[in-house]
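Here are my notes on the aromatic contacts and one helix pairing. Have the model open while you read.

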Amino acid sequence: MDGILFSTLDTGMIRIKKYMMSIKKILWLGLLILLSIAMTDCAGFNSKNRYIDLVGHRGARGYRPENTIPSFQYGIENNMTAIELDVNVTKDKDLIIYHDTEITGALCLDESGKPAATVPIRDLTVEELKKYDCGALQHREFPQQVTVEKTRLITLKEFFEFVKSYETERKLLHATRIKVEIKFPRDYTPEDIKEAATLVVKNIEEAGMTERAVVQSFVIAALPEVRKLNKNIQTSALFEPRYSRGVATTDGPGNPRNTIIKEALNAGADMIAPHYLFITPQFVRECHRNKLRVIAWTVNDKAQMEKLLSYGVDGIISDYPDILYLAYKEWKTKKKKYKL
C-alpha cells in the first residue's frame, strides 16, 4: 500500500510540475507579446517599415542658389531622398517657389542687373517674377555657394515636371520625396490659408505626386485644410524656437516640447519638424508613441547630425547634402542604436 501511495504521489507531483511549466511558458509568451506590442506602440511604427529621410534644404542651399533647379538637381545628385522647397501664392493665383514672402535684392537681380526692390510676392504675377535673375548673387551666409546666372524662378507645377523628367532621364532607382512648405505673409487671413492649401493640393494631385509629397507649414492651421482636401497627402507641422515658447532643458508637463506635440496632433499631422534644438531622446520617444515621425531642421554640423540620428529621428534637413549623407553613412556603419 505504501509503495502504491508514493507512486501515486510521485505521478501527481510530476503532473503538477508539467502543469506549472506550461503555465510559465504561457506567461512568458504573453509577456513577450505584450513587450512587442508596447515597443511597437512606443515607436509608433513597425521597425521594418521605418526609413530615414535625408532632406536637401531648398535643394542644396549651401552649394547652389536656393529654391532653383540647379539647387534641386544638386540635392538629388548627392543622395538626398527628399527635397524641401517653399511656395508662395502669386497675384495670378499660382504657386511660385521662393522662400521669403517678398522678392529681395539679397537673392535676386532685376532686369537692369541691379538688386531687386522689395516687392510682395502676392503683388506679382508669375510672368513678372520670371524676369528676375535669382541665381547671380551668392548668399552671404554660404561662401561655398556657386552662382548660376540667369536662373529664373519656377512654379510648383514646373518643379514637378522637372523631377519626373530628371528621374526618367537618369533612370533613378528611387523616387525623390517632396516636402512643400507653404509660406504666408504676416497679415494672412483664414481665406489665404484655404486658398494656398487648395492650390497646393491641386498641383500635387495633377502631377500625380500624392504619395510622394508632404505639405508642411509653420502656420499649423494650413495642415487640416490640406487633409480636408485630400487625406492621402501627408502633412508636417513645423516649429521654431521663440522667446514665447522657449526651449527648456527638461521634459515636464509644462515643457514646450509637450506643447508642440499636442499642436501637431491636434492638426492631424503625420510628422513634426522642429528646430533641432527641441529634440531630445525623450522627445523622439514621445513623438513615436503618438505615431509622429520626427524631422529635424536645419542641421549643418556633422557631429550634430550623428547625435540626432542616435536619438532616433526619422529625417534631417540640411543645406549640405554631402555632409548629411556622409554623417548618415558613418552612423549606419557604426550601427549606433537609438537612445530611446
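1. The count of aromatic pairs comes to 10, taking Phe, Tyr and Trp rings (six-membered ring for Trp) with centres within 6.5 Å; planes under 30 degrees apart are stacked, over 60 edge-to-face, the rest tilted. This is a predicted model, where local features need pLDDT of at least 70 and side-chain atom pairs pLDDT 80 or more, while totals for chains, interfaces and linings use all residues. Residues are numbered from 1 along each chain as its sequence is written, and side-chain values use heavy atoms, without hydrogens and water.

2. Phe159 and Phe160 have ring centres 5.9 Å apart and planes at 55°, so that pair is tilted. Phe159 is buried at 0% relative accessible area (buried is under 20%, exposed over 50%, partly exposed in between; 1.4 Å probe, protein chains only). Phe160, at 1%, is buried too.

3. Then look at Phe218 and Trp297: centres 5.7 Å apart, planes at 85°, so edge-to-face. Phe218 sits in the loop between strand 7 and helix 6, and Trp297 in the loop between strand 10 and helix 9, so the pair ties together parts 79 residues apart in sequence (helices are DSSP runs of H or I, at least four residues, and strands E runs of at least two, numbered from the N terminus). Phe218 is partly exposed at 32%, whereas Trp297 counts as buried at 15%.

4. Ring pairs also join Phe72, Phe159, Phe160, Phe162 and Tyr166 into a cluster. Some of these names come back where helix 2 meets helix 4: Phe72 is among the helix 2 residues there, and Phe159, Phe162 and Tyr166 are among those of helix 4 (contact is heavy atoms within 4.5 Å).
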